[in-house]
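The following exercises ask the reader to work through selected local features of one protein model. Each task sentence is followed by a solution that proceeds step by step.

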Amino acid sequence: MYIFKAAVVGAGTMGGEIAQVITYSGLPVVMKDVDQGMLDKGMDKVRSVYQHRVDRGKMSAGDMQAKLDLVTPTLTYDEFGDVDIVIEAVPEKMAVKQAVFKELEGVCPEETIFASNTSALSISEMGAATGKPQKMIGMHFFNPAHVMKLVEVIPGLDTNQETVDDVVMFAESLRKIPVVVQECPGFLVNRLLMPYLNEATKALGEGAATATEIDQAVVAWGMPMGPFTLMDMLGIDVCGHVGDYLYAEYGERMSPAPLFAELLEAGRLGEKSGAGFYDHPGGESATVKGMIEALQSSGTVPSGTSFSVGRVMLPLVNEAALCVQENIATINDIDMSMVAGTGMTYGGERIGPLAVADKIGLDAVVEQLTMLEQELGPRFRPSRPLKLRVRAGHLGVKTGKGFLEHV
Ligand code: 3HC
């Protein structure tokens, strides 16, 4: 099925980002919300992305207006009678999402594809709330959506192949790189990102290093921005929500850093609230420093643990290895997703976590994780697919074979 008209439900920043991406490819999009303020915010987002292009001389003001005219902001479902796909970007609560899809069933044609931009929640569960789970699918964009090339495409248990093929083709028509990912909590990229962001927050809360030191070390390692800069951009509420869900689904190895709850309680939601891990503007925050001291003196977190870049990056590599074992995506797709979804590089090359492990040497990765496990606990236990390869002599680049073949 070719997509001629799309809709986004849930405006706000992410809804606006997705609407901008769709109009950029020349397609009309209906943007619906229940709140005029959110609708305005969504339109502001679309406008600001295009305005940035006009300011940089990459687009004329007339072309910008033509793109903006492709968006129909609305508080009603009146325009939904001929949409081919709806992308839901409402708050991350299963009951809210299910209620939205139920409403949509009543107003959209039978063949309309129902896509969710959820960061982590179950697509199968959303599909089960509708009479057409075969048309339900995850279509997960990455922030900032106008820059990041990746779109995760996540079929649920009942999604049919036609829907998968249609959404892959649609994502390509948006000039994105679609990767089909098996359903699991956090899908692929957030499942890999969270252990790393969480460990960085644990290291910060335990006084192992400052936010700036950790951010700088991670950027030197090869990520385009450090974990605290990224979380302040994404929103501490968003990261906290994904982290809680992954903890509930995967258990102890994802137990959230206590500092998240402190920031949330203080309303420090990141750039959007003017303060998160950092003050915006201002940088390092005396308030956060105070929270860290209080966490340590109350014994909520250990103090004086050590920081190394391996401490924050190797949990991501370990989780990527688990995704190989669970067939969440192919080895190449896992690596490509991290490059296209998070801008990951290593040693000056655009490579993902499994190729990085091959470069470091899988034996060295297992050795470092074992040392971290001894110091900091079982969340660092090297995963079976890593140990298996080491035992088989598949050590990575140095033996010609690890996760990948090296000729
Ligand atoms: N409006 C419009 N366009 C903008 C813009 C703006 N406000 N700011 C930048 N741009 C454009 C620029 O024009 C440029 O385009 P060009 O190459 O055509 O000129 C492009 O965006 C890149 O801009 P910059 O070169 O200024 O940006 P940087 O080099 O500083 O990179 C970044 C910024 C792309 C955000 C980079 O730091 C990065 O990749 N960070 C990692 C982001 C990441 O990990 N995202 C995924 C998070 S997880 C997620 O989203 C999932 C969710 O479920 C939680």
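The exercises below concern a predicted model and treat aromatic pairs, a helix, backbone geometry, a pocket and two buried residues.

**Exercise 1. Classify the ring pair of Tyr2 and Phe4, and then that of Phe228 and Phe277.**

Solution.
- Step 1. A pair of aromatic rings is described by the distance of the centres and the angle of the planes. In this model the count comes to seven aromatic pairs.
- Step 2. For Tyr2 and Phe4 the ring centres are 5.0 Å apart and the planes stand at 65°. An angle over 60 degrees counts as edge-to-face, so the pair of Tyr2 and Phe4 is edge-to-face.
- Step 3. For Phe228 and Phe277 the centres are 4.7 Å apart and the planes stand at 55°. Planes under 30 degrees apart would count as stacked and those over 60 as edge-to-face; the pair of Phe228 and Phe277 is therefore tilted.
- Step 4. The pair of Phe228 and Phe277 links distant parts of the chain, with the two positions 49 residues apart in numbering. Phe228 belongs to helix H9 (residues 227-234), and Phe277 to the loop between helix H11 (258-265) and strand E9 (278-279).
- Step 5. Together with Phe260, Phe228 and Phe277 form one aromatic cluster.

**Exercise 2. Decide whether Phe4, Phe228 and Phe277 are buried or exposed.**

Solution.
- Step 1. The cut-offs are under 20% relative accessible area for buried and over 50% for exposed.
- Step 2. Phe4 has a relative accessible area of 57%, so Phe4 is exposed.
- Step 3. Phe228, at 0%, is therefore buried, and Phe277, at 1%, also counts as buried.

**Exercise 3. Identify the buried residues of H9 and the elements against which they pack.**

Solution.
- Step 1. Pro227, Phe228, Leu230, Met231 and Asp232 are the buried residues of H9.
- Step 2. Their packing partners are helix H7 (189-205), helix H8 (211-221), helix H10 (236-250), H11 and E9.
- Step 3. Just after H9, the chain passes through Gly235, whose phi is positive at about 110°.

**Exercise 4. Locate the cis peptide bonds between Asn143 and Pro144 and between His280 and Pro281, and the positive phi values of Arg175 and Phe187.**

Solution.
- Step 1. Most residues other than glycine have a negative phi, and most peptide bonds are trans.
- Step 2. The bond between Asn143 and Pro144 is cis, with omega about -5°; Pro144 is placed in the loop between strand E6 (136-141) and strand E7 (150-155).
- Step 3. The bond between His280 and Pro281 is cis, with omega about 0°; Pro281 is in the loop between E9 and strand E10 (283-284).
- Step 4. Arg175 has a positive phi near 65° and is found in the loop between helix H6 (161-173) and strand E8 (177-180).
- Step 5. Phe187 has a positive phi of about 55° and lies in the loop between E8 and H7. With a relative accessibility of 0%, Phe187 counts as buried.

**Exercise 5. Describe the volume and lining of the second largest pocket.**

Solution.
- Step 1. The second largest pocket holds about 320 Å³ of space.
- Step 2. Its lining consists of 14 residues, and those nearest its centre are Tyr24, Val49, Arg53, His146 and Val147.
- Step 3. Helix H1 (12-24) and helix H2 (36-55) are the elements that give two or more residues to this lining.
- Step 4. By class, the lining has five nonpolar, three polar and six charged residues.

**Exercise 6. Determine the placement and contacts of Val356 and Asn117, leaving aside residues up to four places away in sequence.**

Solution.
- Step 1. Val356 lies in helix H15 (residues 353-360). Its relative accessible area is 0%, so Val356 is buried.
- Step 2. Val356 touches Trp221, Met344, Tyr346 and Ile351, residues up to four places away in sequence not being counted. Between Val356 and Thr345, 11 residues apart in sequence, the C-alpha to C-alpha distance is 8.8 Å.
- Step 3. Asn117 is placed in the loop between strand E5 (113-116) and helix H5 (123-128). Its relative accessibility of 9% falls under the 20% cut-off, so Asn117 counts as buried.
- Step 4. On the same exclusion of residues up to four places away, Asn117 touches Met14, Ile18, Ile87, Glu88, Ala89, Met139, His140 and Phe141.

Note on methods. Residues numbered from 1 in each chain as written. Predicted model: local features only at pLDDT ≥ 70, side-chain atom pairs only at ≥ 80, totals over all residues. Heavy atoms only, no water. 1 Å grid on protein atoms, 1.4 Å probe; cavity = no way out; pocket = protein on both sides within 12 Å on 5 of 7 lines; lining within 4 Å. Points joined across faces, edges and corners; volume = space filled by probe spheres on them. Helix = DSSP H or I, 4+ residues; strand = E, 2+ residues; numbered from the N terminus. Nonpolar A, V, L, I, M, F, W, Y, C, P; charged D, E, K, R; others polar. Phe/Tyr/Trp six-rings, centres within 6.5 Å; stacked < 30°, edge-to-face > 60°. Buried < 20%, exposed > 50% of the residue type's maximum accessible area, 1.4 Å probe, protein only. Contact = heavy atoms within 4.5 Å.
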